[in-house]
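Visitor: I am new to this structure and would like a close look at a single part of it. Could you pick one residue, show me its surroundings, and then lead me outward from there?

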Amino acid sequence: MQQLPVRAHPDCVTARPDFHGPALDETGRALVRAAVEVVEAVGGYGGGVYLRSTTDGLLRLAVLVGLPAPLFRPWWRMQVNRPYPVAEAYRSGHAVHLSDAESTMRLFPQLMAGLPFAFGSLYEPVAAGDERYGVLMVLRTATPGAPVGREDRQRMRGAAAALSRDLAGLTAAGAPVVWDADPLVVEPPGPPADASAALGRLPQALLSLDRLGRVGFVSAGADALLGADPAAVRGRVLWEALPWLGQPVYEDHFRAAYMSGEPIGFLAVRPSGDWISVDLHPGDGGISVLLTAARAPASVHGSAAPAGAGPGSPAERAAVVYRPVAMAIALTEAVTARQVSAVVTEELLPAFGGRQLAIYLLNERHLHLAWETGFPKGFLNRFDGVGLDVRLPGVETLTSGRPIFFESMQHLATAYPGIPMDTDVGARAFLPLIASGRPVGSCILGFDAPRSFSAEERTVLTALAGLIAQALERAQRYDTEAALARGLQAALLPTRLPVLEHVDTVARYLAGTQGMDVGGDWYDVIETEPGLLALVIGDVQGHGVAAAATMGQLRSAVRAFAFNGSSPQEVMSGTNRLLIGLDPGQFASCCYVLLDPATGRALAVRAGHPQPLLRHADGRTEVLDLPGGVVLGIDPRAAYPVTALTLEPGAVLALYTDGLVEQPGTDIDVGVERLRASLAAAGPGPLTETADRLISEAGQAADRPDDIALLLAARTAGGPARR
């Protein structure tokens, strides 16, 4: 295939020094080829490839075909845990096909909030076996009411499979198949722009933009309307040549034209204060832009036009409002203070063109730094812990309850003489974080260049500060409850395991990642009578303090039944009836194994719990097939059959909870098999090292939605092994 031209511009560097190496060059060519071919194959007007990066959990847009990259900067980076179709396809390993705006709004409202246009989109995961590389994406005209056809689905699958093979080959050759640069911008083929000389005699100015936003044609005599020499505009990206058209309030109109294919009209204001009517007429090869002199809207007659933004038409005012809607939706999903801060970083900063963010939380009349990004390392530490009586803008915005905006750093220095500043150029916004009248903290937004803040932007930022405050207050309550639940759970789990001859036991517990509720996983090792040992593991349904409390009750019940000399079946049946009596709406899984370490004979009973694993002395490892019964707490008459086992010297029995083998989008049997293979590969050695090996992969996961409990028992020939 003919290699299409790849263009570079200041906002999208494509000729980086690290791209000149042969390995990365091969990766780039494979990505570009796949993206261009699939866009053409399924009739798209744009598309690209997201590729994994060296940052865990982060995808980066590696290739963008047929669209101006600066307009889509907020989507250059994608966290894999975000509710967007790109992340969903990568996370689940399944394709996502969205034929129109209705299906997008129904399944991915956050994407529609940021791109509220009529367009269709297709996303295909790029993976080879367990190796996930990224996502192939195509954007095309919406087909309302008509789902994506079978042939286009097959074309997407075929393109992703071919790219997967290419990337797998590069990986095998030692090439780093990751992406940490800005996206490559690929120009689709199309006819050159032309126009009639008669256009120069019209009072309007006509410009032709290609799919990347470059100006290919400017009609003669357009300088008066452009406020620039047409020769200086031709060949450049529109928003670089005419920065007044690159304001966020106008970018949405251009995005709409590129993505929906529908004509768009709006009013814009030049820095001189002159108003311009802008009409966008999109087509296959780009957009025709018609500029006409216009009168100022009635809403701004008699007042100076705001610098840096044109809030003339209702559509423009709405544009300022709906861009941050994605953040408002995301805040409802954030659970911890850290997640709230991450949402603000990912959604709010790009929406307003910010580069720095700091969030301070109030605690005992002092503001403490909770989150920062973009500031010089250590700069904000000097403000950490300041009292509410200190004269600083971050303090006074909270004590006064009013946002404070500085259009330049000089204005900030004038208002607060002597205040330490990290830069001499830029702008700052200080927002009070107040939830239902209760002070929560303050938020600082930083901008690299001086800028004004329109009335609409000030209103939206102030309103969003209230949403951020409510989310942070909710997160603080959650963090408090989570800490209580973790403390309760830690207190209820055994602090040490009994030591007996002929057996060694090791346990591991791993809480869910921050942002997840504490679960009800537990384990126990009970010396029921001289010479006998009960191995127990269980998982209470649900999370939080209630689950931890129920776990404590069940652990106590199992111990009581075991100490009373009950058989394994009686232990499980009695615990089942007890749980039903305690809370009819609660249930739990459990596995109970009564072991005689001297002989290796064991009796096992299971209530809806994952099957144990057994590694024999010769290394052969199997998933046991215990018949078991239903989970505890469902049926008071449930039966729990008992299975006899034998552990020969050198054998290892593994009991675990489902958090160790479950992964979103993956069948649990795959996780069980992965664990079985890890146990088999561990081989003979200290049981502690085996436990650490089995749990290490889960411990490295950035997002672990469930707690994990692991209990290993190894039969030894003599006394207990050293741990």
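Guide: Happily! Let us start at Leu388, which, leaving aside residues up to four places away in sequence, touches Leu362, Arg365, Leu367, Val395, Leu398 and Thr399. Please keep in mind as we go that this is a predicted model. Leu388 sits in the loop between strand E16 (386–387) and helix H13 (393–400). Is Leu388 buried or exposed? Its relative accessibility is 18%, and because buried means under 20%, Leu388 counts as buried.

Now look at the strands beside this loop. Strand E14 (residues 356–363) and strand E15 (residues 366–373) run antiparallel to each other and pair over seven bridges. Two of the residues that Leu388 touches, Leu362 and Leu367, stand opposite one another in this pairing, with Leu367 in E15. Between E14 and E15 the hairpin has two residues, and Glu364 there takes a positive phi near 55 degrees. Glu364 also gives us a way to relate the hairpin to our starting point: Leu388 and Glu364 are 24 residues apart in sequence, while their C-alpha atoms are 9.7 Å apart in space.

E15 has another partner as well. E15 and E16 pair in the antiparallel sense, over two bridges. In this pairing His366 stands opposite Gly387 in E16. A general point may help when you look at such strands: in a regular strand the side chains alternate between the two faces of the sheet.

From the strands we can step across to a helix. Ser341 has its place in helix H12 (residues 337–352). Beyond residues up to four places away in sequence, Ser341 touches Leu357, Ile359 and Trp371. Ser341 counts as buried, with a relative accessibility of 2%.

Next, let us turn to the aromatic rings. Phe379 and Phe383 come up shortly, but the wider picture is that a search of the whole structure finds nine aromatic pairs. One of them joins Trp239 and Phe254: the ring centres are 5.4 Å apart and the planes stand at 90 degrees, so the pair is edge-to-face. Trp239 belongs to helix H8 (residues 238–241) and Phe254 to helix H9 (residues 248–260), so this pair ties together parts that are 15 residues apart in sequence. Both partners are buried: Trp239 has 10% relative accessibility, and Phe254 has 0%.

Another edge-to-face pair is formed by Phe379 and Phe383, at 5.9 Å centre to centre and with 75 degrees between the planes. Phe379 is buried, with a relative accessible area of 9%, and Phe383 is buried too, at 13%. Coming back to Trp239, ring pairs link it with Tyr250, Phe254 and Phe266 into a cluster.

Rings can also have a charged group over them. The charged end of Arg132 sits over the ring of Tyr90, 5.0 Å from its centre. Arg73 lies over the face of Trp76, at 4.4 Å from the ring centre.

Tyr90 brings us to helix H2. Six of the eight residues of H2 (residues 85–92) are buried, so this helix is largely enclosed by the rest of the structure. The buried ones are Pro85, Val86, Ala87, Ala89, Tyr90 and Ser92. After H2 comes Gly93, whose phi is positive, near 80 degrees.

What about the cysteines? The structure holds zero disulfides. Cys590, for example, is in no disulfide, and its nearest cysteine sulfur, that of Cys591, is 7.0 Å away. Seen from Cys591, the closest cysteine sulfur is the one in Cys590, and this separation is too far for a bond. Cys590 is buried, with a relative accessible area of 2%, and Cys591 counts as buried at 0% relative accessibility.

Finally, a word on how confident the prediction is. The mean pLDDT of the protein is 80, and 83% of its residues reach 70 or more. Two stretches call for care as you explore. Over residues 191–196 pLDDT stays under 50, and the model has four contacts beyond four places in sequence for them. Over residues 299–321 pLDDT also stays under 50, and here the model has 42 contacts beyond four places in sequence.

How values were computed
Residues are numbered from 1 along each chain as its sequence is written. Side-chain values use heavy atoms; hydrogens and water are left out. Buried means under 20% relative accessible area, exposed over 50%, partly exposed in between (1.4 Å probe, protein chains only). Helices (H or I, at least four residues) and strands (E, at least two) are DSSP runs, numbered from the N terminus. Rings of Phe, Tyr and Trp (its six-membered ring) pair if their centres lie within 6.5 Å; planes under 30 degrees apart count as stacked, over 60 as edge-to-face and the rest as tilted. A charge sits over a ring if NZ of Lys or CZ of Arg is within 6 Å of the ring centre and within 35 degrees of the ring normal. pLDDT is the predictor's confidence in each residue, from 0 to 100. Contact means heavy atoms within 4.5 Å. A disulfide is a pair of cysteine sulfur atoms within 2.5 Å. Two strands pair if DSSP finds at least two bridges between them.
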